[in-house]
Amino acid sequence: MFDVLVYLYEHYWRPDACPESGQLTRKLSAVGFEADEISEALTWLDGLNALTQETSCLPAPNSIRVFVDAKLERLGPEALGFLHFLVGAGVLTPTLREVVLDRVLAVPRGPVALDDFKVLVLLVFWSLGEEPDALILDELFVDDEDRLIH
């Protein structure tokens, strides 16, 4: 599923640039993705689209999040730490935090690896037609072992 999501991010500027679902499924199949991967990814994206269009029950700007054990298990410690980093840095508003958490819970299995979590965060921004700050993009794309220290 994550490979399909990365492919879509790399090949389509915005979600509205993607072809309709049937044609997109055929294109993804032609590229070599498996039918179950495609189905999971498109279902995940449909949920993201529905969630970002919804405006009810938005958290207050100064709200905090308390996690139940089930959500902590789905996130895993590395993704949870990165989520706290993004919220603390002001990159994720409480509303975007909830969108990200919803999409993490929509992943068929967990806990979500840190690299996969970063893909989910990137796709949330992509779905809104926004691009995070360059330093945050660097955090989302570059592995720590690939970084050059100046």
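From the N terminus on, the elements of the protein run α-α-α-α-α-α-α. In this predicted model, seven helices and zero strands are present. The radius of gyration is 16 Å, close to the 15 Å that the globule rule gives for 150 residues, so the protein is as compact as a globular protein of that length. Along the principal axes, the C-alpha atoms fill a box of roughly 45 × 45 × 30 Å.

Contacts across the sequence were examined next. Among contacts between residues at least 6 apart in sequence, 70% join residues at least 24 apart. Buried residues make up 35% of the 150 residues. The protein exposes about 8800 Å². Carbon and sulfur atoms supply 55% of that area. The protein carries 11 positive and 26 negative charges. The mean positions of these two sets are 5 Å apart.

In soluble globular proteins, nonpolar side chains tend to be buried together. Here, the largest nonpolar core holds 45 residues. Leu5, Leu8, Trp44, Leu45, Leu75 and Phe117 touch the most other members. Each of the seven helices supplies at least two residues of this core. These are H1 (2–11), H2 (21–31), H3 (35–53), H4 (69–88), H5 (94–105), H6 (114–127) and H7 (134–141). H6 gives the most, with nine residues.

Helix H1 shows how one element joins this packing. Phe2, Val4, Leu5, Tyr7 and Leu8 are buried in H1. The cover over the buried residues of H1 includes H2, H3 and H6. Leucine 5 gives a detailed view. Not counting residues up to four places away in sequence, leucine 5 touches Ala41, Trp44, Leu45, Val119, Leu120 and Leu123. Two of these partners, Trp44 and Leu45, are also among the core residues that touch the most other members.

A second position was followed in helix H4, where alanine 79 lies. Alanine 79 has a relative accessible area of 0%. The cut-off for a buried residue is under 20%, so alanine 79 counts as buried. Leaving aside neighbours within four places in sequence, alanine 79 is in contact with Val112, Leu114 and Phe117. Of these, Leu114 and Phe117 fall within the range of H6 (114–127). Phe117 is also one of the core residues that touch the most other members. Alanine 79 and asparagine 62 are 17 residues apart in sequence. In space, their C-alpha atoms are 22 Å apart.

Technical notes
Residues numbered from 1 in each chain as written. Predicted model: local features only at pLDDT ≥ 70, side-chain atom pairs only at ≥ 80, totals over all residues. Heavy atoms only, no water. Helix = DSSP H or I, 4+ residues; strand = E, 2+ residues; numbered from the N terminus. Rg over C-alpha atoms; globule rule 2.2 N^0.38 Å. Buried < 20%, exposed > 50% of the residue type's maximum accessible area, 1.4 Å probe, protein only. Contact = heavy atoms within 4.5 Å. Areas by Shrake-Rupley, 256 points an atom, 1.4 Å probe, with all protein chains shown as cover. Lys, Arg positive; Asp, Glu negative; His and termini not counted. Charge placed at Lys NZ, Arg CZ, Asp CG, Glu CD. Core = buried A, V, L, I, M, F, W, Y, C linked by side-chain atoms within 4.5 Å.
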